[in-house]
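Visitor: I'd like a close look at the disulfides here, plus whatever sits around them. Could you walk me through that part?

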Amino acid sequence: MNKIVICLFLLLCSCSNIGEEDIRIEEYGEEYAVMDCFWSQNEGPNTVVFWCDNDLQTNLISGFVSLAIERGPEEAEFFSICGRDIILNSGYDLHDTLIASLTNNTYNCYNHYENNIGNEFDSLWDPDINILQIIWRPPDADHQALTLYIPDPEEGSVRVSGTVYHKTGFFN
């Protein structure tokens with residue numbers, strides 16, 4: 001009986017050692033890339049909430065890529081992907097071609113305002129947990145999700161290191 005109690009105690013203790021990073025990997029997929037991120041200190045309309053950028057070289061997305069959440073004139077938040085020479089391999093030809101043509105040999109942006117969740121492309125920003133999730137749902141292939149986690153900045157700083165996670169499967 002004592003052996004069973006000890007085993008249960010050890011099992012419970014080992015489960016409590018799961019960190020936030022382990023939970024993010026379980027929920028959002030493998031660590032995929034790191035981005036330099038900046039929290040804006042500006043409030044109000046026509047401002048940036050945050051932006052992250054880096055020269056990415058992954059199977060899903062490559063090129064100089066900037067991801068941001070911005071506030072429009074009415075302070076509604078929207079997703080923005082900017083960059084130069086971005087190659088996107090989401091499996092959704094319309095999105096892949098659009099991003100490639102917008103950023104071919106020039107720095108340009110695509111702003112995403114649409115809020116219908118569950119269609120071919122979603123961008124979801126959760127400010128409570130600092131997560132931006134981008135989901136592509138091609139019709140004849142696995143869906144792909146990129147999730148960017150941006151930690152809170154330390155006192156007196158606006159720059160942080162954001163982690164990008166990647167997961168494939170079928171997402172609602």
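Guide: Sure, and keep in mind that this is a predicted model. Let's start with Cys-109, which has 32% relative accessibility and therefore counts as partly exposed, since the buried class ends at 20% and the exposed class begins over 50%. Its disulfide partner is Cys-82, with the two sulfur atoms 2.0 Å apart. Cys-82 comes out at 7% relative accessibility, so this one counts as buried. The pair ties together distant parts of the chain: Cys-82 belongs to strand β4 (residues 77-88) and Cys-109 to strand β5 (residues 107-112), 27 residues apart. As for handedness, the torsion about the S-S bond of Cys-82 and Cys-109 is about 110 degrees, so the disulfide is right-handed.

The count comes to two disulfides, and the other one joins Cys-37 to Cys-52, with their sulfur atoms 2.1 Å apart. Here too distant parts of the chain are linked, with Cys-37 in strand β1 (residues 30-39), Cys-52 in strand β2 (residues 48-57), and those positions 15 residues apart. Its S-S torsion is about 115 degrees, so the Cys-37 and Cys-52 disulfide is right-handed. Both Cys-37 and Cys-52 are buried. Counting bonded cysteines along the chain, the pattern reads 1-2, 3-4.

Now for the surroundings. Cys-52 is among the residues touched by Leu-67, leaving aside anything up to four places away in sequence. That contact list also includes Met-35, Phe-50, Leu-132 and Leu-148. Those names come up again in the largest nonpolar core, which has 29 residues: Met-35, Phe-50, Leu-67, Leu-132, Leu-148 and Ile-150 are the ones with the most contacts inside it. Strands β1, β2, β3 (61-71), β4, β6, β7, β8 (143-149) and β9 (159-169) each supply at least two residues of this core, and β1 gives the most, with five. In general terms, nonpolar side chains in soluble globular proteins tend to be buried together.

One polar residue is worth a stop on the way out. Asn-130 sits in the loop between β6 (121-126) and β7 (131-136), and at 8% relative accessibility it counts as buried because that is under the 20% cut-off. Its side chain reaches the backbone oxygen of Ile-150 at 3.0 Å. Among the residues Asn-130 touches, again skipping those up to four places away in sequence, are Trp-39, Trp-125, Leu-148 and Ile-150. Leu-148 and Ile-150 bring us back to the core, where both are listed with the most contacts.

Technical notes:
Residues are numbered from 1 along each chain as its sequence is written. This is a predicted model: local features need pLDDT of at least 70, side-chain atom pairs count only at pLDDT 80 or more; totals for chains, interfaces and linings use all residues. Side-chain values use heavy atoms; hydrogens and water are left out. Helices (H or I, at least four residues) and strands (E, at least two) are DSSP runs, numbered from the N terminus. Buried means under 20% relative accessible area, exposed over 50%, partly exposed in between (1.4 Å probe, protein chains only). A polar contact is a pair of N or O atoms within 3.5 Å; within protein, one must be able to donate a hydrogen and the other to accept it, and residues adjacent in sequence count only if both atoms are side-chain atoms. Contact means heavy atoms within 4.5 Å. A disulfide is a pair of cysteine sulfur atoms within 2.5 Å. A nonpolar core is a set of buried Ala, Val, Leu, Ile, Met, Phe, Trp, Tyr and Cys residues joined through side-chain atoms within 4.5 Å.
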